[in-house]
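Trainee: Could you take me closely through the charged side chains of this model and the partners they meet, and then set them beside the aromatic pairs? I would like one connected account.

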Amino acid sequence: FFAFSLQYRSINHRVDSKSLWLYRWYYSRICQCILSLTITIILALAFIERPSSLTITSDVRYRLPAWDPPCGLTESIELLCFLVFMIDVSVKSYLVGWEEFWKNRWLMAYILTLIVSLTDWVVSLSFICTETVRIRRILRPFFLLQNSSMMKKTLKSINSTLPEMASVVLLLAVHLSLFTMFAMLLFARTKDGQQDKEWVGYFRNLPDSLTSLLVLLTTANNPDVMIPAYSKNRAYSIFFILFTVLGNLFLMNLLTAIIYNQFRGYLLKSVQSSLFRRRLGIRAAFEVLSSLKEAPANAEQPYVSAGALFQVLQKVEMDSRCKQAIMRSLKIWSGDHLSAAQFQKLFEELDKDAIKQHPPSPEYQSRFMQQVQFAFGHPYFGYLGNVVALANIVSICVVLVMDADKQPSERDDFFLGAINCFFILYYLLEMLLKILAMGLKRYLSYPSNRFDGLLTAILLVLEIATFAEYGFPHPGWRPEFMGLLSLWDMVRLVNMLIVFRFLRIIPNMKFMALVVTTLLDLVKNLRAFAGILVVVFYAFAITGIMLFKGAVVPMGNTSVVNTTYNNGTLQCGTYEQLEYWPNNFDDFAAAVVTLWDVMVVNNWQVFLEAFSRYSSPWAKIYFVAWWLISSVIWVNLFVALLLENFIHKWDRRCHRESLSDIEYQRTVELMFR
């Protein structure tokens, strides 16, 4: 029960000795690593199985034939992965028991997915791997999804938000439909062909009108869609401005607000349910320990012996800090018995996050060394280092501006080499003085110092290598190619690291540090969201390969600006004129990049038009569905997470209490994580 509560797991498991041994074995680090590695392997198969992504370029004009693995190679790896998954689902089903198994929809879906995948695997071998549709490839992301409790919670949160999102999406559809009707009436075909540019380009029929306004909702074709009508009469701009204001500024941002409101409420509810499972596990442990020893006749309520608990804690695998804190509290406990409330309170240490304590600075006996320690350990010495780093950046910018238009043979890198040498020596001296003042252990306990020290060491090695290869800076010190890197390449590498080192100023700027810490916390909490994005990307990429593989046919290696196609000159902004040939669905890697470009929604109308022309007009449904799921739902979920982290950080900063006498700190993010 301690093991269940430590990881916020449910206690609805078999608790006999063999089952508990199997439970510990299953949740051991080795078994979980094997399971994670298996999931990674089966997902990565999409890059090497037919159609393979093992080519230098995805451009259909220059791509060489890809290597296709022989039939049975990837299928054998896939079968091994399926065997691991069968063991996984068998152990899970045994541990939860038959009664809980029928209540667990994820386990039932797990078994169904394995059955369908194995059936499709057998069919694939019977066709000697020549079949074009492989259902099991679309089902692979499920193995990633079911293995993460956080992804399940996030998916459940999205599901709970769907009714509210559906209402706004329906309102968007009504908004789009009404304005489409207005547009078809406003820009109807007339007798004057010169005045029908708007009708010809964007509102020829109902599908084209809907597509044009849907793209305008994302502002990807603004102001292109408006220009023909606006050139005719400036009053037409009112229609497009009104459509954009209502749709993009009001309805789309309302959708963001709804997702944020629903999602943050579910996060809190999820934390509460996790804490409840921990409390339940601790209480169950209390009941078991209290039943091991008969209570005296005069005892009014069950209790646990402090000695028995101490013996159990010595055998339990848990965080050493929490174990030591609980044992310290137990040693100073005045009585021999613990009630249920006292037992629960004792284990509140599990919910606390330790505030890192930095090692003490060295104590010098010499008066001179004490003054040195005070001077170089003072924050003002750090501020001086920031000023020097800024001066280094400014000097590099000046030299780069002066040499921007010069040929490599015309550059004189004496000045740049000299200032780099000076500043790197200063950084080395600064690092050594800080170590002298703070001590090595205290210096390394600060992440900013580790960042500074690592970059200083790299810069010093590069500078020594440059001097060893090309000599010391002197007038006429010009780059020449020798070895792997030219002098100019070495100098550029050093300068890029110096620019990167300038990030040391972030902790000293209050609001910038707030933003950066929010981003870092976001990365820590982003695994569930990134996992769901991987699932969606994977499923849509495989579907896109099935629908559009080989659809894009190259027109030749010549420029297409003045080339005729379908008896007409290609218009500016088309797939061919923009040379978007690498964006296709001919292999998995190319499909992922294409979906990314569509998710960004810049010029996504080019993909809508091109794949509708190359394959079928119904292709628009695929791209619109991808836009809804990725750009509308997932991006808004990302914004919700960003707001939640930032608001929490801001509230803590604005209402910060003194932490000097507090050893531990509770955080909602830590418990949720």
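Mentor: Let us start with Asp59, which counts as buried because its relative accessible area is 5%. This carboxylate belongs to a salt bridge with Arg61, in which nitrogen and oxygen lie 2.9 Å apart, and Arg61 in turn is buried at a relative accessibility of 14%. Since the model is predicted, the confidence should be kept in mind throughout: the mean pLDDT of the protein is 79, with 78% of the residues at 70 or more.

The structure contains 15 salt bridges, and a second one worth following joins Asp120 to Arg136, where the closest N and O atoms are 2.8 Å apart. This contact links distant parts of the chain, with Asp120 in helix H5 (residues 105-126) and Arg136 in helix H6 (residues 135-139), 16 residues apart. Both Asp120 and Arg136 are buried. They also take part in a network of salt bridges whose other members are Glu49, Glu78, Glu131, Arg134, Arg137 and Arg140.

Turning to helix H25, we find Arg613 and Glu609 joined by a salt bridge of 2.8 Å from N to O; because these two residues are 4 apart in that helix, about one helical turn separates them. Here the setting is one of partial exposure, with Arg613 at a relative accessible area of 28% and Glu609 at 34%. The charged end of Arg613 also sits over the ring of Tyr614, at 5.2 Å from the centre of that ring.

That ring brings us to the aromatic side chains, for which the structure holds 42 aromatic pairs. In one of them, Phe422 and Phe423 meet edge-to-face, with 5.2 Å between the centres and 70 degrees between the planes. Phe422 is exposed, with 52% relative accessibility, whereas Phe423 is buried, with 8%. Tyr575 and Phe611 likewise form an edge-to-face pair, at 6.2 Å centre to centre and with 75 degrees between the planes. This pair connects distant parts of the chain, 36 residues apart: Tyr575 lies in the loop between strand S5 (568-569) and helix H24 (588-600), while Phe611 is in helix H25 (residues 604-614). Tyr575 is buried at 0% relative accessibility, and Phe611 is buried as well, its relative accessible area being 0%.

Note on methods
Residues are numbered from 1 along each chain as its sequence is written. This is a predicted model: local features need pLDDT of at least 70, side-chain atom pairs count only at pLDDT 80 or more; totals for chains, interfaces and linings use all residues. Side-chain values use heavy atoms; hydrogens and water are left out. pLDDT is the predictor's confidence in each residue, from 0 to 100. Rings of Phe, Tyr and Trp (its six-membered ring) pair if their centres lie within 6.5 Å; planes under 30 degrees apart count as stacked, over 60 as edge-to-face and the rest as tilted. Buried means under 20% relative accessible area, exposed over 50%, partly exposed in between (1.4 Å probe, protein chains only). A charge sits over a ring if NZ of Lys or CZ of Arg is within 6 Å of the ring centre and within 35 degrees of the ring normal. A salt bridge is a side-chain nitrogen of Lys or Arg within 4 Å of a carboxyl oxygen of Asp or Glu.
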